[in-house]
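Trainee: I am new to this one and would like to go through it with you. Could we start once it is on the screen?
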Number of protein chains: 2
Amino acid sequence: MTLHRVSISTAVEACRVLEKLGYVEAKPRVGYFVRGPMQAQSRVRGVLEKDAHETGQRIDPADYVGVHERISVTLARGLQNPLKVDLAGAVCAPALYPGAALRDNMLRILRARSSLYDSAPRPDGVRKLKEAISRFSVSRGMHVDSDAILVTHGCSEALSLALRAVAGPGDVIAIESPTYFGILQVIESLGLKAIEIPTHPHTGISVDALEFAITHMGSIQAVVCMPSVQNPLGSVMPDAMKAKLAELCEKHDIAVIEDDTYGAFLPSPANSKPVKAWDKSGNVIYCSSLNKSLSPGLRVGWLIGGKWHKKIEMLMYAVSRHREEMSQLVVADFMAGSAFHRHMRRLNALLTQQRTQFVEAILKHFPAGTEVTRPEAGLLVWIRLPGELNADRLFESALCEGIRICPGSIFSNTNKFTDCLRLSYGMPFDARIESALKALARLARET
Amino acid sequence: MTLHRVSISTAVEACRVLEKLGYVEAKPRVGYFVRGPMQAQSRVRGVLEKDAHETGQRIDPADYVGVHERISVTLARGLQNPLKVDLAGAVCAPALYPGAALRDNMLRILRARSSLYDSAPRPDGVRKLKEAISRFSVSRGMHVDSDAILVTHGCSEALSLALRAVAGPGDVIAIESPTYFGILQVIESLGLKAIEIPTHPHTGISVDALEFAITHMGSIQAVVCMPSVQNPLGSVMPDAMKAKLAELCEKHDIAVIEDDTYGAFLPSPANSKPVKAWDKSGNVIYCSSLNKSLSPGLRVGWLIGGKWHKKIEMLMYAVSRHREEMSQLVVADFMAGSAFHRHMRRLNALLTQQRTQFVEAILKHFPAGTEVTRPEAGLLVWIRLPGELNADRLFESALCEGIRICPGSIFSNTNKFTDCLRLSYGMPFDARIESALKALARLARET
């Protein structure tokens, strides 16, 4: 405590972590004692390699993900009260999406046809859309052949297929901490284990911590990360870190599963390339969708499977056969010209303005000591409440006043983020939003 | 051979099966010898309970499914040659589907809207569609609350979700033999093992054989079956057998996963109810889609999850979040009135006529001794070639003449159906179809 100037609870937590890693051992009523490093490593390796059911032991530090119940309860709870203001959904106001243009595209396509759905399209995706995605990829700093792209039912299906291709039940997946709760759900639903890697609000997943985990904690099958505008932190990894991540994982034969859903929100292609741009051997599986950027009602995502392309294609075909053609055509039309880029430019300008107003209001109204991210892009802020304030209780009390937030507890399999919350600034900032933020600030104090 | 009046190959195959079951053992160069029943049972149980990797032994009679390679190669091979006549796809001619009406539905829905996809619909499916499905279920002899229905991306996703809900890697699933190759792919992609249950062209899966397998072969997690118009056989289980199947599985706590994709092809609801209609405890997961009946280009399927509803909902949400609204609304409109029933009546009348012409042509042209099913409904016939004729070779030689068929080998994880093929009579019978059947007959003789 003296050396590092930390509180008693931090010191105890540190000892617990070191115990999990096998570096210290707890002797009841006596304290923590250092163990030999060789012994520590072999213990961790041994535990990791055995099955939890076999040993009857809890597997540390990679855990079976058990957060789903908490996520489900939270999501279901959030639907029970009548809502006045929803700050929980990672989504922009409907008016900010080009819904009218998409409707016009669909009308045009329909008028040119005499019939609909009377034959099955290609299972890998409509060619025109794959070509449009290939061109879009150039703006993200990648050169991708359209044949290397598989169109999926959104980014969730892409992530699920990618994980199924590289790992099987019981395998360990490294994830960001905090991470998007959807990734925790997919990992849990596939019977995988997760190891949480510290992730910084500015620079994203810690490559150093990941390297440490790889070196000291036995086999990790894959890393799932959002290097460009992380959810919930909004962090953007510096290029040097992305290159290092790609190299590290290639060296250790660990698949990188990259979720680039928010990549299109980065205003300039400079310093915004995905990790995939540094991929030399097909070791990075790139997943993305238009769900956040173009339209929340769409289910058009895609992935670039690298060396797992064939396997993922087989898994995708086994699970859901072909995809419907219509929305693929509508999107292909929108992406073919400059409409998508113009839309994103306009959307990003609006979001920048909303972010400034939103963050200022939080700093103005929330209790002193509240920390809030100022992300470079996207539509989410991450807030840490000061002192002992608890965001799960805030979630409950806010719901009673018709305000929905995302409590930090659903972004991790641990209890590290119970004092955090995620808010969306996707709604235009107005008196209604400001009064909701004021109410949250008041409730946080009262909680 | 004398006692049962069977050929030498049948007798040898019978001995092999008995060996797999542990009832006889083979002594090299000597013959097959009967083993004691207790010993047999414990051997089978023991092997089944151990992991294949642990024992280094092949697991019998439930096998790891390894047919995917064969299916993929066959499907890919079928796309290489320019096609003149496709008899492989389980699909009707485009003109037989109400594509124009669906297009008009979509136009009408679009005109009433100013915007498209600018917000996310409910993840469990559009209410209007679920209500339409609930009403449709009555015509299938079931009373299902719309809240018990989950809308999926086609029947493949429904089957995949159902299997994931009830079983995990290494678990044993009983399937029909022959079975739809898509089910083999799903089972293989999930790391499950399959045990093939004899299935009769008239009466469907043998409940006696299933009961034998349950009693003698250790743990079976689920049965996947198509009781109403089986693919590829076209068989329809008698009501008494459906009731027995439901009861048997409930007694032994084995999930029934019922694929009712072709149920709508049964002309009258009498004797056409799905097994789900006999389900007392939520032990049957009902899966269906409109892919074959209404439109091959659609991805609208659904499932009734019974006691696994919550778990399946969670898995579905983790994998693919919500589904697009538009095609659900289009279908809901079509199913709301009498249009769907009128369409099916017309389609079934056409198919009955096509089937008669098709089967007659096969019997007229194919080699003497060829057996062909005369299914009550649907759009598929199953053909067994006489003597030593091989359908894999026929598949190859037919492709060279621009004709695509489905070889029997992809409908099983065993080699039991290499003399069989599946043909679709979904195309109107004309000179082109007749000459294709003539060509097939000639090639079968030459092969």
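Trainee: Is A:Glu401 buried, partly exposed or exposed?
Mentor: This is a predicted model, and in it A:Glu401 has a relative accessibility of 27%, so A:Glu401 counts as partly exposed.

Trainee: Which side chain does A:Glu401 meet in a salt bridge?
Mentor: The partner is A:Arg442, with 2.9 Å from N to O. The two come from distant parts of the chain, 41 residues apart: A:Arg442 is in helix 15 (residues 431–446) of chain A, while A:Glu401 is in the loop between helix 14 (391–400) and strand 15 of chain A. A:Arg442 is partly exposed too, at 36% relative accessibility.

Trainee: And in chain B, what does B:Arg442 form a salt bridge with?
Mentor: B:Arg442 pairs with B:Glu401, and their closest N and O atoms are 2.9 Å apart. B:Arg442 lies in helix 15 (residues 431–446) of chain B and B:Glu401 in the loop between helix 14 (391–400) and strand 15 (403–404), so the pair ties together parts 41 residues apart in sequence. Relative accessibility is 36% for B:Arg442, which counts as partly exposed, and 28% for B:Glu401, which is also partly exposed.

Trainee: Which residues are joined into one network by salt bridges that share partners?
Mentor: A:Arg108, A:Lys128 and A:Asp333 are joined in that way.

Trainee: How many salt bridges does the structure hold over all chains?
Mentor: There are 40 over all chains. Another of them joins the side chains of A:Arg404 and A:Asp86, at 2.7 Å from N to O.

Trainee: How many residues apart in sequence are the parts that this pair ties together?
Mentor: They are 318 residues apart, because A:Arg404 lies in strand 15 (residues 403–404) of chain A and A:Asp86 in strand 4 (residues 85–86) of chain A.

Trainee: Does A:Arg404 count as buried or exposed?
Mentor: A:Arg404 counts as buried, at 16% relative accessibility. Its partner A:Asp86 has a relative accessible area of 25% and is partly exposed.

Trainee: Now the two chains together. How many salt bridges are counted between chain B and chain A?
Mentor: The count between them is 0. The chains are nevertheless in contact, with 53 residues of chain B touching 53 residues of chain A.

Trainee: What area do chain B and chain A bury between them?
Mentor: About 4500 Å², of which 61% is on carbon and sulfur atoms.

Trainee: Changing topic, how many cavities of 30 Å³ or more are there?
Mentor: The count comes to 7. The largest cavity holds about 170 Å³ of space, and the second largest has a volume of about 80 Å³.

Trainee: Which residues lie nearest the centre of the largest cavity?
Mentor: Among its 18 lining residues, those nearest the centre are A:His153, A:Arg299, A:Glu324, B:His153 and B:Glu324. Strand 5 (149–152) and helix 12 (326–336) of chain A, and strand 5 (149–152) and helix 12 (326–336) of chain B, each supply at least two residues of that lining. The lining divides into 4 nonpolar, 8 polar and 6 charged residues.

Trainee: And which residues line the second largest cavity?
Mentor: Chain A gives A:Glu157, A:Ser160, A:Leu161, A:Arg164 and A:Val319, and chain B gives B:Glu157, B:Ser160, B:Leu161, B:Arg164 and B:Val319. Helix 7 (154–166) of chain A and helix 7 (154–166) of chain B each supply at least two of the lining residues. By type, this lining has 4 nonpolar, 2 polar and 4 charged residues.

Note on methods. Residues are numbered from 1 along each chain as its sequence is written. Chains are lettered from A and ligands numbered from 1 in the order in which they are written. This is a predicted model: local features need pLDDT of at least 70, side-chain atom pairs count only at pLDDT 80 or more; totals for chains, interfaces and linings use all residues. Side-chain values use heavy atoms; hydrogens and water are left out. A salt bridge is a side-chain nitrogen of Lys or Arg within 4 Å of a carboxyl oxygen of Asp or Glu. Helices (H or I, at least four residues) and strands (E, at least two) are DSSP runs, numbered from the N terminus. Buried means under 20% relative accessible area, exposed over 50%, partly exposed in between (1.4 Å probe, protein chains only). On a 1 Å grid over the protein atoms alone, a cavity is a set of points where a 1.4 Å probe fits but cannot get out, and a pocket is an open set with protein on both sides within 12 Å along at least five of seven lines; lining residues have an atom within 4 Å of a point. Grid points are joined across faces, edges and corners, and a volume is the space filled by probe spheres set on the points. Ala, Val, Leu, Ile, Met, Phe, Trp, Tyr, Cys and Pro count as nonpolar, Asp, Glu, Lys and Arg as charged, and the others, Gly among them, as polar. Contact means heavy atoms within 4.5 Å. Buried area is the accessible area (1.4 Å probe) that two parts lose on being put together, summed over both.
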